[in-house]
Amino acid sequence: MIHRGLLRYRGARYLWWSLALIVGSCVLYATQPRDLEPPNGGSWQGYVLGTIGALLILWLTLLSIRKRSYRSTAGSVQGWTSAHVYLGSALLIVATLHCGLQFGWNVHTLAYALMCIVIFSGFFGLYSYINHPQLISNNRQGGARAELFAELFELNKQAQALAQKCASGVAIAVGSSVERTVIGGGVYSQLFSKDHSFFVRDSGSSSALLANADQQAVIDVVAERLPRAEKGAEAANLQQLIVLLCRRQAVVRRIRRDIRLRGWLRIWLYFHIPMTVALLVALLLHIVVTFFYW
Amino acid sequence: MVYEAPKKPGLWSWLLFSTGSGPGEQPDYKPGAAAKEKGKKAVKCDACVSVSGGPACVRACPTGAAIRIGPEQYVDLLEERKR
């Protein structure tokens with residue numbers, strides 16, 4: 001095995017580090033005297049746990065500096081990321097033991113909640129970094145997204161040229177479906193592959209703009225025309241057109257899937273980073289407020 | 001063949017004051033008179049010979065997707081892929 005994922009970096013060295021950290025934190029928690037008040041952040045053990053947690057948070061944010069310092073020789077970024085994942089997960093336990101499960105509507109719990117959001121968005125990021133690259137390259141079958149678009153444009157051109165040789169209703173439906181195919185869109189549309197495409201259905205006397213989700217409706221229109229084809233040549237053209245439209249549908253589906261997978265691969269960072277900044281502010285407030293009311 | 005690029009600003013001045021091009025970004029610059037005087041220079045990957053610790057691209061890859069291997073390891077990699 002030449003390639004190693006970041007979870008198995010150096011035989012999962014940082015997994016053992018984080019397990020040691022968790023065991024140490026549990027020991028500290030268990031040694032708190034329980035005669036006066038339940039375990040909390042105010043005993044010396046609580047302060048130690050809190051200091052470890054705050055330093056961990058600061059160190060975890062340093063990954064963003066390290067990964068941009070390309071010339072740095074302070075370890076490999078893969079090692080840093082591996083440690084970031086394992087120690088960041090351990091932080092969940094450290095901070096929970098520090099607060100002693102005492103929650104309230106205050107800045108302390110706010111910091112805890114922000115930390116949980118950051119960690120769980122990180123879990124999602126880890127999941128997508130492990131799973132999605134394989135899915136993306138399978139979906140593209142080794143090519144680039146630009147190749148999929150090139151194939152789509154070629155099919156568009158062929159389908160439009162062929163539709164011109166068929167009945168006018170078919171030509172209008174195919175031409176308008178190509179023009180009104182929508183790919184991408186807003187965040188929601190990208191992440192859930194929503195198709196807001198349309199096409200024009202022209203019946204000679206009237207025409208209507210109809211939804212063309214998944215490019216299926218326009219294929220149905222062409223297929224409906226097939227039994228009523230006038231000449232032998234039109235039937236052959238319509239069959240050829242259906243083949244082209246189905247290939248086009250498959251390419252559009254693949255592009256949408258590519259956009260969706262890439263979207264999920266990136267969306268978590270749009271939570272992870274701003275929430276980290278908010279966490280740093282809340283953490284600073286938590287520390288200042290704690291000593292102010294001491 | 002390129003002209004010599006001006007020195008990049010530090011990471012913090014890029015982060016806080018957005019001076020210069022960021023890490024990994026193409027530097028956006030016009031070569032100055034001094035750089036033009038010096039002439040163009042051939043640019044080719046030298047696997048970071050001057051940097052201790054090996055190629056920076058491998059050390060900067062967070063997921064371990066970039067690896068540097070010798071020809072004999074490459075054969076192993078292909079056989080592993082086939083399995």
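**The interface of chains A and B and a nonpolar patch on chain A**

In this predicted model, chain B and chain A together bury about 1,600 Å², of which 66% lies on carbon and sulfur atoms. On the side of chain B, the residues that lose the most area to chain A are Arg59(B), Pro62(B) and Thr63(B), which together account for 32% of what that side buries. In terms of contacts, 22 residues of chain B meet 18 residues of chain A. Polar contact between chain B and chain A amounts to two residue pairs, both at pLDDT 80 or more, while zero salt bridges are found across this interface by the rule applied. The side of chain B that touches chain A draws on several helices, since at least two residues each are supplied by α1 (11-17), α3 (56-59) and α4 (71-82) of chain B.

Chain A also carries a nonpolar surface patch of about 770 Å², made by Tyr129(A), Leu269(A), Tyr270(A), Phe271(A), Ile273(A), Val277(A), Val281(A) and Leu285(A). The element that gives the most to this nonpolar patch is helix α11 of chain A, spanning residues 269-292, with seven residues. One of the patch residues, Leu285(A), is located in helix α11 of chain A. With a relative accessible area of 44%, Leu285(A) is classed as partly exposed, because that class covers the values between the limit for buried residues, under 20%, and the limit for exposed residues, over 50%. The value of 44% for Leu285(A) is therefore also over the 30% relative accessible area that is required of residues in a patch.

Technical notes. Residues are numbered from 1 along each chain as its sequence is written. Chains are lettered from A and ligands numbered from 1 in the order in which they are written. This is a predicted model: local features need pLDDT of at least 70, side-chain atom pairs count only at pLDDT 80 or more; totals for chains, interfaces and linings use all residues. Side-chain values use heavy atoms; hydrogens and water are left out. Patches are made of residues with over 30% relative accessible area and no salt bridge: like charges are joined within 9 Å, nonpolar side chains (Val, Leu, Ile, Met, Phe, Trp, Tyr) within 5 Å. Accessible areas come from the Shrake-Rupley method with a 1.4 Å probe; for residues, only the protein chains shown count as cover. A salt bridge is a side-chain nitrogen of Lys or Arg within 4 Å of a carboxyl oxygen of Asp or Glu. Helices (H or I, at least four residues) and strands (E, at least two) are DSSP runs, numbered from the N terminus. Buried means under 20% relative accessible area, exposed over 50%, partly exposed in between (1.4 Å probe, protein chains only). Contact means heavy atoms within 4.5 Å. Buried area is the accessible area (1.4 Å probe) that two parts lose on being put together, summed over both. A polar contact is a pair of N or O atoms within 3.5 Å; within protein, one must be able to donate a hydrogen and the other to accept it, and residues adjacent in sequence count only if both atoms are side-chain atoms.
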